[in-house]
Amino acid sequence: MTLLLLIGLWKTSGPSQAKFGWKFLVSTDWDPVAGNFGALPFIYGTVLTSVLALLISVPLGVSVAIFLSELAPPRLANACAFMVELLAAVPSVIYGLMAIFTVVPVLREYGEPFLKRHFGYLPFFQGPMLGIGFLAAALVLSIMTIPYIIAISRESLMAVPRDQREAALALGATHWESTSQVVVPYARLGIFGSVFLGLARALGETMAVTMVIGNDPSIHASLFASGYTIASVLANEFTEATGKLYQSSLVELGLVLFLITIIVNALARLLVIATSRKGTVHTA
Amino acid sequence: MTRLGYRKLVNMVMLTLTGVSTLVTVSVLFLILGYLVWNGGTSIDWNFLTKLPLPTGEVGGGMANAIVGSFMMIAIAAVIGLPIGFLGGVYLAEFGGKTFSFAVRYMADLLNGVPSIVIGVFAWTIVVVPMHQFSALAGGFALSMMLVPITLRSTEQFLGEVPRALREGALALGAPKWKVVATVVVPAATRGILTGMLLGIARIAGESAPLLFTALNNAFWATGITQPTASLPVMIYTHALAPYDDWHRQAWAAGLLLLGGVLATNVAARWILGRGNPA
């Protein structure tokens, strides 16, 4: 089925491949009227928002995983893990809804002026403060990826054999030292895996991002600026696309996104499998 | 400060930090719930559940067609996706060879990770284009593509947890393999499999990206499964982006309804599972 998907996308994007070749990936033009299509602004937006999101969600997610697997009493940990799972189940369009009516106004009124006042000399924090844009999209994505990072990191942390912890504690390490120097390194492959899975999620996320990113196919250094991601351009323009070339360009964008996420996912799964083999506990 | 004191301090600080992170993460859930109930609770009334959407400015419209449309597409997806996923899972767990199973499992995981919008594009190319029509069928097909890998993996996982002794007992009594699987192993894992299916359905119920250009949207009742059809998630999307306060309120109400449904299904699934294995 996966192969079928690949073949279908490849064939439908034929016209645009024939016309633009590899230049499709590096061109910054996106002009449906003149019939010029290039993917770079979308790839840029997709990668930028996802990486920013991970900068926030990885530290937060991993520390929650540590808390749940190492410190919290079992009952509390189970309750929290359940709530994290519910968080993962919230439909993405609802995150988008929340983002439009809460995150964006807060950023516009408080967050972005604050950043501009204190770090305005950096190129990332310049330009008009609209609320919508890369920063808002990254914030929403970070909240959406946290549950995945927590779930997988926690599994790998719990797969660390008990002896390892006890040995560290017996040598006189404090609880934190045993966690940071023994347990986390032991589970590091799985934690990396969880980061990649989170990344794949963030790359392909459509609805919430489309609702807050501003939808502007150009490249800006500033995080306040509007941008576009592959997934959101598909969502916005697909039904309106007229002409074979326009449509096949969009399908080729889909193909690019598909390949990126497949690679990231494949890496992530291999890492997770590698850890669970090493550990004693079988993880799904 | 002594060395030990310093180490203890670091210990305390870091442990507290992880605790605070947990608190922040969990509070996001309650924030979302609270905000939805606060904003959407007042907008859900009888009209909302039973009327069609009205042009902006007129009071009293609802989203009945989207609610029905959502159920319709979930049903289509379930009819296509659940049997394939279930049978595939049974095959993998009971009959498949080692290398082949691994390959299929890996593929299913990858398929599970494919962005939902790409699945939408795919469904568009193979259902919408040949039919020259956006339809509930295409939407249901797109959703079923997401449902298959979820069902397959959970079926396989729960079948794997059925004790070996149970199988061997049945085989020792002379039952052929298919009979062992159909009458002993699968019934033993029913609860888990049902849970997996419920969770899968809850997941696709909230998906909107694959529906945007397969089922499109519709302001009226769809007359059949080959017509463009409205669904709750897509309605929320269009209503939230529109500049009318009245529509925003409806979006909140629809959001509350959707989230309530999804979370209730999740809790129910876990409850079914929890009753079975008290561990």
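**Entry 1: A:Gly61**

I began with a single residue, A:Gly61, and found its place in helix H4 (residues 40-71) of chain A. The model I am reading is a predicted one. I then asked whether A:Gly61 is buried or exposed. I counted 29 C-beta neighbours inside 10 Å, and a residue is called buried when 20 or more other C-beta atoms lie within that distance. A:Gly61 therefore counts as buried.

Next I looked up which residues A:Gly61 touches once its neighbours within four places in sequence are left aside. They are A:Ile146, A:Ile149, A:Ile150 and A:Ser153. I also noted one distance: the C-alpha atoms of A:Gly61 and A:Ala170 are separated by 28 Å, and the two residues lie 109 residues apart along the chain.

**Entry 2: Chain A as a whole**

I turned to the chain that holds A:Gly61. Chain A has 13 helices and 2 strands. Of its 284 residues, 52% are buried. I then took the contacts in chain A between residues at least 6 apart in sequence, and I recorded that 78% of them join residues at least 24 apart.

**Entry 3: Two helices of chain A**

I examined helix H8 (residues 162-170) of chain A beside helix H9 (residues 175-186) of chain A. Their axes come within 10 Å and cross at roughly 155°. An angle over 145 degrees counts as roughly antiparallel, and H8(A) and H9(A) are therefore roughly antiparallel to each other. The crossing of H8(A) past H9(A) is right-handed.

I listed the residues that meet. H8(A) supplies A:Gln164, A:Arg165, A:Ala168 and A:Leu169, while H9(A) supplies A:Ser178, A:Val182, A:Val183 and A:Tyr186. Sorted by class, this contact has 5 nonpolar, 2 polar and 1 charged residues.

**Entry 4: Chain B as a whole**

I made the corresponding notes for chain B. It has 11 helices and 0 strands. Chain B has 279 residues, and 44% of them count as buried. Among its contacts with a separation of 6 or more, 74% come from residues 24 or more positions apart.

**Entry 5: B:Glu156 and its helix**

I chose B:Glu156, which is found in helix H6 (residues 136-160) of chain B. How many other C-beta atoms lie within 10 Å of B:Glu156? I found 27. As the cut-off for a buried residue is 20 or more, B:Glu156 is buried.

Outside its neighbours within four places in sequence, B:Glu156 is in contact with B:Gly89, B:Leu92 and B:Ala93. I also looked up B:Phe86, which lies 70 residues from B:Glu156 along the chain. The C-alpha atoms of these two residues are separated by 8.2 Å.

**Entry 6: H6(B) against two other helices**

I first set H6(B) against helix H9 (residues 190-205) of chain B. The axes come within 9 Å and cross at roughly 155°, and H6(B) and H9(B) are therefore roughly antiparallel to each other. Their crossing is right-handed. On the side of H6(B), the residues making the contact include B:Leu143, B:Met146, B:Leu147 and B:Ile150. On the side of H9(B), they include B:Gly192, B:Ile193, B:Gly196 and B:Met197. By class, I recorded 8 nonpolar, 6 polar and 1 charged residues for this contact.

I then set H6(B) against helix H4 (residues 98-113) of chain B. Here the axes are 8 Å apart and the packing angle is about 135°, which makes H4(B) oblique to H6(B). H4(B) passes H6(B) in a left-handed crossing. B:Ala108, B:Leu111 and B:Asn112 of H4(B) meet B:Pro149, B:Ile150, B:Leu152 and B:Arg153 of H6(B). This contact divides into 5 nonpolar, 1 polar and 1 charged residues.

**Entry 7: Where the chains meet**

I looked up how many residues each chain gives to the contact between them. Chain A gives 55 residues and chain B gives 53 residues. On the side of chain A, the largest share is 9 residues, from helix H13 (residues 244-278) of chain A. That side divides into 39 nonpolar, 14 polar and 2 charged residues.

**Entry 8: The nonpolar core**

Last, I looked up the largest nonpolar core, which has 151 residues. Among the residues with the most contacts inside it are A:Ala99, A:Val140, B:Ile236 and B:Ala254. Helix H7 (residues 134-158) of chain A gives the most to this core, with 16 residues.

Conventions: Residues numbered from 1 in each chain as written. Chains lettered and ligands numbered in written order. Predicted model: local features only at pLDDT ≥ 70, side-chain atom pairs only at ≥ 80, totals over all residues. Contact = placed C-beta atoms within 7 Å. Helix = DSSP H or I, 4+ residues; strand = E, 2+ residues; numbered from the N terminus. Nonpolar A, V, L, I, M, F, W, Y, C, P; charged D, E, K, R; others polar. Buried ≥ 20, exposed ≤ 12 C-beta atoms within 10 Å, placed from the backbone. Core = buried A, V, L, I, M, F, W, Y, C linked by C-beta atoms within 7 Å. Axes fitted to C-alpha atoms, helices over the stretch in contact; angles between N-to-C directions. Parallel < 35°, antiparallel > 145°, perpendicular 65-115°, else oblique. Left-handed = near helix turned anticlockwise from the far one by under 90°.
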